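Here's a quick briefing to read alongside the model. Keep the structure open and find each piece as you go.

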Amino acid sequence: MMRYEVLHTVKLCPSYLEVDGNRIAEAGGETSFLTDLYRRLGLDYPKFFKMDILSKVGFLASEFLLEQEGGERFVPRADRAVLLFNRYSSMHADQTFQETIAHPEDFYPKPSVFVYTLPNIVTGEIAIRNKYHGESNFILLPEYSEQAMNQAIERAFLAPGTTSLLTGWLEALSENEYEASCSLITVH
Amino acid sequence: MIVRKIGENIISPLGFSVAENFAAVMDGRSALQRYDHLWDLPFPCFVSLLADDILDEVFAQAVDQSRLPMKSCTRFEKIALLSAAKALQSTPLDPSSPRVLFMLSSTKGNVSLLADAAPDIKRVTPAHTAQLIARYFGNPNMPLVVSNACISGLCAQIEAYRCLQSGQYDAAVVIGADVLSPFIVSGFQSLKALSDEQCHPFSSVRQGLNLGEAAATVVYAAGEEPNGGWRMLAGAMANDANHISGPSRTGEGSYRALMSVLQSAALTAEDLACLNVHGTSTLYNDEMEAVAIHRAGLSGVPVNALKGYYGHTLGAAGILETLLTMHAVEQGVVPATRGYEEIGVTMPLSLSSSSGKTSKTAFVKLLSGFGGCNAAAAFTFDSCR
């Protein structure tokens with residue numbers, strides 16, 4: 001078995017954000033918690049507001065992890081893979097897109113919605129933001145399973161050149177139902 | 001550890017076995033056709049669809065429906081399960097073994113169920129279908145679904161390769177499937193990615209892609225030594241880190257995946273019978289692939305694309321196209337790129353609208369997809385000793 005080192009962890013849900021087990025923020029303002037967190041990061045990344053919920057949650061989780069990691073960012077690299085898991089795929093974007101085609105008299109499929117009807121788009125958003133040219137992958141499981149995720153993590157480290165992973169469970173069913181439980185892992 | 005192909009199947013409008021599908025490709029046949037009012041959509045489309053009556057007949061013969069937990073299957077469930085059943089029929093593998101893992105490659109699974117008045121959300125999830133299939137075969141392991149856009153079929157094979165290489169499992173059943181629906185067709189249409197006529201990969205006249213329905217299954221098993229047949233040599237993925245719905249102009253991710261695979265598999269241009277590429281026939285994809293191939297120094301290697309026969313079969317594409325290329329190379333053939341006309345990319349490529357001959361036994365499969373993802377994998381054929 002490989003030996004991993006968990007560098008940092010993040011947990012983001014509608015009521016709070018934890019980084020490395022410390023409560024960083026709690027929901028409660030008038031505005032969306034996700035927007036609050038975006039502002040808290042002090043980012044100027046307008047693409048964020050075009051993202052679907054799954055991508056927003058994944059993007060914020062990755063930003064808090066990488067802020068914690070520190071060091072030089074945004075330098076092209078291929079040694080870090082992005083590997084995320086969930087059960088419901090891109091369900092929220094799927095339902096949103098379905099609405100746009102459900103009624104023949106009101107048929108307006110939007111490309112900006114359709115592109116988010118793939119769960120791996122969030123891995124692409126994280127790769128673009130951070131200039132990660134390594135592997136990116138999204139795996140769906142019938143239910144949350146540490147064992148299945150650990151096996152996939154072990155396999156991801158078999159890729160030549162992959163020395164760290166941004167990985168974890170990322171589910172977002174609506175603005176009020178989401179969970180990112182992600183970590184940065186390295187292998188020795 | 002050697003990763004050998006021990007089972008296979010393709011379910012498509014061109015046939016219900018790899019042999020039938022390969023014969024159709026060799027004959028230059030395609031099920032792609034124009035529909036002016038498919039599903040009452042307000043635009044014409046040029047797609048390849050499975051006929052329900054024939055599908056139901058073959059499904060009833062190959063699948064014991066009394067072993068299923070529900071009265072009826074969706075089309076997606078049918079083709080995925082049928083393909084797995086047919087692939088496993090031809091192998092000695094015991095699919096109920098805990099040493100076997102089931103994997104499904106799909107982009108949208110049962111998404112068409114969302115049009116129901118009260119959709120069964122759990123059933124919409126592709127992992128639900130993967131679980132259904134694994135349980136049908138009595139497999140005790142949690143199956144996984146690789147959902148990495150259009151590269152899913154290669155990613156799933158790469159996962160399978162690593163499952164066997166690492167000793168996590170002794171065999172993997174890799175099923176790729178997607179069916180078309182108003183959801184998928186109108187989505188691609190909204191992106192202006194569809195052509196309303198036959199697609200023309202890499203050609204100056206290309207206007208976009210055609211979509212198609214298919215399921216394909218490959219079964220891999222770990223072995224100690226090659227004893228004839230096909231082996232997977234290596235697989236790699238890389239991200240463009242450029243755009244979520246458009247490929248990199250420099251072919252960055254595709255180039256990186258390609259180079260990684262050539263290095264891992266210790267292959268050079270001289271070893272390759274062909275590069276079986278994505279070749280969707282969109283302006284940007286084909287140009288990007290030509291650039292990536294050129295950068296990798298492989299412009300002289302025969303290139304072919306199979307989208308002109310099947311359209312883009314989404315989650316099935318990586319498996320379907322790998323299997324057909326295996327059969328072709330095994331018979332010393334590089335299949336024609338159906339629909340190819342005059343070269344319409346900025347880098348030279350060795351493409352043809354008629355089939356060619358080869359004496360080489362290895363090939364590389366390439367795919368790219370939304371989210372900036374790219375994959376490559378290398379395969380080789382060993383003659384029986």
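B:Ala177 stands opposite B:Ala215 in strand E8 of chain B, and that pair is a good way into the sheet around strand E6. This is a predicted model, where local features need pLDDT of at least 70, side-chain atom pairs count only at pLDDT 80 or more, and totals for chains, interfaces and linings use all residues. Residues are numbered from 1 along each chain as its sequence is written, while chains are lettered from A and ligands numbered from 1 in the order in which they are written.

**Strand E6 and its partners**
- E6(B) (residues 171-178) and E8(B) (residues 214-223) pair in the antiparallel sense over eight bridges; helices (H or I, at least four residues) and strands (E, at least two) are DSSP runs, numbered from the N terminus.
- Strand E4 (residues 100-105) of chain B is joined to E6(B) by six bridges, and these two run parallel; strands count as paired if DSSP finds at least two bridges between them.
- In that parallel pairing, B:Met103 stands opposite B:Val174.
- Eight of the eight residues of E6(B) are buried (20 or more other C-beta atoms within 10 Å of a residue's own; 12 or fewer is exposed, in between is partly exposed, with C-beta atoms placed from the backbone).
- One side of E6(B) has B:Ala171, B:Val173, B:Ile175 and B:Ala177, the other has B:Ala172, B:Val174, B:Gly176 and B:Asp178, and all are buried.

**Helices to look at**
- H3(B) (residues 75-89) is mostly covered, with 14 of its 15 residues buried.
- At 1.5 Å a residue, H3(B) should span 21 Å, and its end C-alpha atoms are indeed 21 Å apart (the expected span is 1.5 Å times one less than the number of residues).
- Over in chain A, Glu67 sits in helix H2 (residues 53-69); A:Glu67 is partly exposed because it has 14 other C-beta atoms within 10 Å.

**Where the chains meet**
- 51 residues of chain B are in contact with 48 residues of chain A (contact means C-beta atoms, placed from the backbone, within 7 Å).
- On the chain B side, the largest share, six residues, comes from H7(B).
- That side divides into 25 nonpolar, 21 polar and five charged residues (Ala, Val, Leu, Ile, Met, Phe, Trp, Tyr, Cys and Pro count as nonpolar, Asp, Glu, Lys and Arg as charged, and the others, Gly among them, as polar).
- Strand E5 (residues 136-140) of chain A runs antiparallel to E5(B), joined by two bridges, and A:Ile139 stands opposite B:Val146.

Key. Two residues are in contact if their C-beta atoms, placed from the backbone, lie within 7 Å.
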